[in-house]
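Work through the exercises below with the sequence and the 3D view open. Try each task before reading its solution.

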Amino acid sequence: MLQLQVLRQDPQKAKDKLGIKNFAEPQLVDQIIALDEERKKLQQDFDSNQAKVNSTSKEIGALMAKGQKEEAETKKQEVATLKVALQPISEKLDVVEKQLHDELVKLPNLPADIVPPGKTPAENIVVREGGSKPQLFAGAVPHWDLIKKYDIVDFETGAKITGSGFALFKGQGAKLQRALIQYFLDYNTAAGYTEYHPPFMVNEASAFGTGQLPDKEGQMYHMPEDKYYMIPTSEVPITNIYRDEIVKATDLPIKMTGYSPCFRREAGSFGKDVRGLNRVHQFEKVEVVQIVHPDKSFDVLDEMVLHIEKLLQSLELPYRILRLCGGDMGFASAITYDFEVYSAAQEKWLEVSSVSNFETYQSNRMKIRFKDDNGKTQLVHTLNGSSLALPRIIACLLENNQTSAGISLPAIVSKYTGFDKIS
RNA sequence: GGAGAGAUGGCAGAGCGGUCGAAUGCGGCGGUCUUGAAAACCGUUGAAGCGCAAGUUUCCGGGGGUUCGAAUCCCUCUCUCUCCGCCA
């Protein structure tokens with residue numbers, strides 16, 4: 001969530017920024033500032049009364065020790081009166097604090113200065129492109145046909161076991177997926193990221209910490225019996241490793257990577273975009289997360305973009321990098337770059353990674369702090385990115401590398417699969 | 001699933017209902033000493049809110065209660081550990 005001080009300092013700027021994100025209720029900023037003022041007044045009122053209660057109580061103790069019962073009784077009466085007066089103040093304070101929190105949590109992160117305005121993906125900015133689109137032979141087909149032809153992913157049986165949108169990988173398909181996970185993790189750890197294998201379910205506090213709750217509640221699978229959520233990305237458990245901690249400045253940056261399946265209900269999405277591996281309810285993904293000094297986060301963002309770009313280059317896939325416009329960005333993000341790969345048989349770009357700087361939005365929720373050079377406690381910045389989401393990578397690898405005699409895999413991939421051709 | 005024990009500051013570990021935001025040790029930071037380091041010694045060292053400041057309020061797993069006063073008593077929830085059972 002946003003830091004109150006940012007809103008207080010320049011409410012108009014905050015509202016303008018929210019406008020770039022197409023946030024519908026900028027007036028919330030004013031409401032929040034008003035609530036905060038009220039909170040302060042109540043707090044002061046409460047404090048002065050409570051101070052009196054405390055000091056009088058101490059006097060009672062002293063009087064009792066001296067055996068001055070009568071005087072003590074008089075003081076007790078005083079305290080009782082004070083407490084009666086305190087009761088409504090304290091109740092009001094609780095209400096206002098809760099209101100303030102509830103409203104503040106509704107505000108998305110403010111976009112960084114270089115985030116372009118815009119409402120739809122059409123307004124995203126292409127930062128750069130790489131690789132070259134392949135020329136497919138005449139009989140080339142989309143991946144949903146290829147997976148059937150080579151019998152490597154079976155959606156029908158997945159639907160039988162679970163439901164629609166759950167893929168059953170098989171044979172060379174299963175091996176390809178496992179190999180890619182292995183490769184991506186190796187690639188990340190070689191760059192200094194520590195590998196984690198997190199729990200695939202999280203509690204409410206964790207889901208709140210990274211911003212999934214309350215904003216994206218409907219997107220997650222939920223186990224009400226135990227109040228757990230299936231993770232929509234390993235960003236959630238991995239970033240929450242440091243929740244409620246004050247880390248040493250010298251430990252920054254903290255670089256973490258992890259593989260996990262990601263579970264998404266994708267409620268309300270349907271149509272041709274969801275065909276095959278384009279959109280599924282469970283997909284595999286390797287994630288990178290960094291916890292950094294606030295002065296460094298934009299440098300680190302560039303570093304992470306480069307890191308993922310090189311990974312895509314090694315896969316020999318045509319890609320492009322987009323800077324998302326305000327309207328297309330996630331709730332908690334201050335700036336996001338999306339990576340898309342070109343799916344040659346579908347003739348469209350598929351998102352395979354999203355790299356974001358959350359600045360203090362997540363750390364303020366999770367209370368991840370560090371001590372700066374002056375010994376003051378400050379919030380860290382958090383960033384994360386996919387490296388990479390598997391199904392769409394697989395879709396592109398299949399489509400772009402298909403030949404009439406099977407699918408030939410890029411060198412780096414075949415090194416991990418142990419075979420260079422799917423046939 | 002059954003029985004029991006516990007949850008205190010970065011860690012370990014004390015804490016009679018008032019003088020406890022909390023002993024002590026370790027660790028961290030600063031200093032003395034030293035050519036430098038180690039050792040030793042001295043000092044310092046939790047978080048959050050309000051306030052220019054002095055200061056003040058809140059926090060001893062979460063929530064509730066008893067009391068003039070709760071880290072200390074009661075209830076409840078969560079988590080951890082031990083034993084038994086079950087089990088990949």
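The exercises cover the RNA surface, a helix, a small sheet, unusual backbone angles and two single residues.

The model is predicted, so local features need pLDDT of at least 70 and side-chain atom pairs count only at pLDDT 80 or more, while totals for chains, interfaces and linings use all residues. Residues are numbered from 1 along each chain as its sequence is written, chains are lettered from A and ligands numbered from 1 in the order in which they are written, and side-chain values use heavy atoms, with hydrogens and water left out.

**Exercise 1. The RNA surface**

Find how many residues surround RNA strand B, and which elements give two or more residues to the surface near RNA strand B.

Step 1. Collect the residues near the strand, where near means that a heavy atom of the residue lies within 4 Å of it. There are 20 residues around RNA strand B, and the closest are Arg39, Gln44, Asp47, Lys83 and Lys371. Of the atoms of RNA strand B that come within 4 Å of the protein, 70% belong to sugar and phosphate.

Step 2. List the polar contacts, pairs of N or O atoms within 3.5 Å; within protein, one must be able to donate a hydrogen and the other to accept it, and residues adjacent in sequence count only if both atoms are side-chain atoms. Phosphate oxygens of RNA strand B lie 3.4 Å from a polar side-chain atom of Gln50 and 3.2 Å from one of Asn54. The side chain of Arg369 has an N or O atom 3.2 Å from a sugar or linking oxygen of RNA strand B.

Step 3. Assign elements: helices (H or I, at least four residues) and strands (E, at least two) are DSSP runs numbered from the N terminus. Two or more residues each come from α3 (28-66), α4 (69-104) and β14 (369-371). The largest share, twelve residues, is from α3.

Step 4. Sort by type, with Ala, Val, Leu, Ile, Met, Phe, Trp, Tyr, Cys and Pro as nonpolar, Asp, Glu, Lys and Arg as charged, and the others, Gly among them, as polar. The surface near RNA strand B has eight charged, six polar and six nonpolar residues.

**Exercise 2. Helix α10**

Check the span of helix α10 and find which of its residues are buried.

Step 1. The expected span is 1.5 Å times one less than the number of residues. For the 18 residues of α10 (residues 297-314) this gives 26 Å, and the end C-alpha atoms are 26 Å apart, so the two agree.

Step 2. Buried means under 20% relative accessible area, exposed over 50%, and partly exposed in between (1.4 Å probe, protein chains only). Among the buried residues of α10 are Val300, Leu301, Met304, Val305, Ile308, Leu311 and Leu312. An α-helix has 3.6 residues a turn, so residues three or four places apart point the same way.

**Exercise 3. A three-stranded sheet**

State the strand order of the open sheet of three strands.

Step 1. Strands pair if DSSP finds at least two bridges between them. The order is β17-β18-β19, with antiparallel pairing.

Step 2. β17 (402-403) and β19 (421-422) are at the edges with a single partner strand each, so one side of each has no neighbour in the sheet.

Step 3. Two bridges join β18 (residues 406-408) to β19. Ile407 is opposite Ile422 in β19.

**Exercise 4. Unusual backbone angles**

Locate the cis peptide bond from Leu213 to Pro214 and the positive phi of Glu347.

Step 1. Most residues other than glycine have a negative phi, and most peptide bonds are trans.

Step 2. The bond from Leu213 to Pro214 is cis, with omega near -5 degrees. Pro214 is in the loop between α8 (204-209) and β6 (222-223).

Step 3. Glu347 has a positive phi of about 55 degrees and lies in the loop between β12 (335-343) and β13 (348-359). Its relative accessibility is 60%, so Glu347 counts as exposed.

**Exercise 5. Gln402 and Lys106**

Is Gln402 buried or exposed, and what does Lys106 touch?

Step 1. Gln402, in strand β17, is buried at a relative accessible area of 6%. A polar atom of the Gln402 side chain is 2.8 Å from the backbone oxygen of Val141.

Step 2. Contact means heavy atoms within 4.5 Å. Leaving aside residues up to four places away in sequence, Lys106 touches Phe23, Leu28 and Phe331. Lys106 is partly exposed at 41% relative accessibility.
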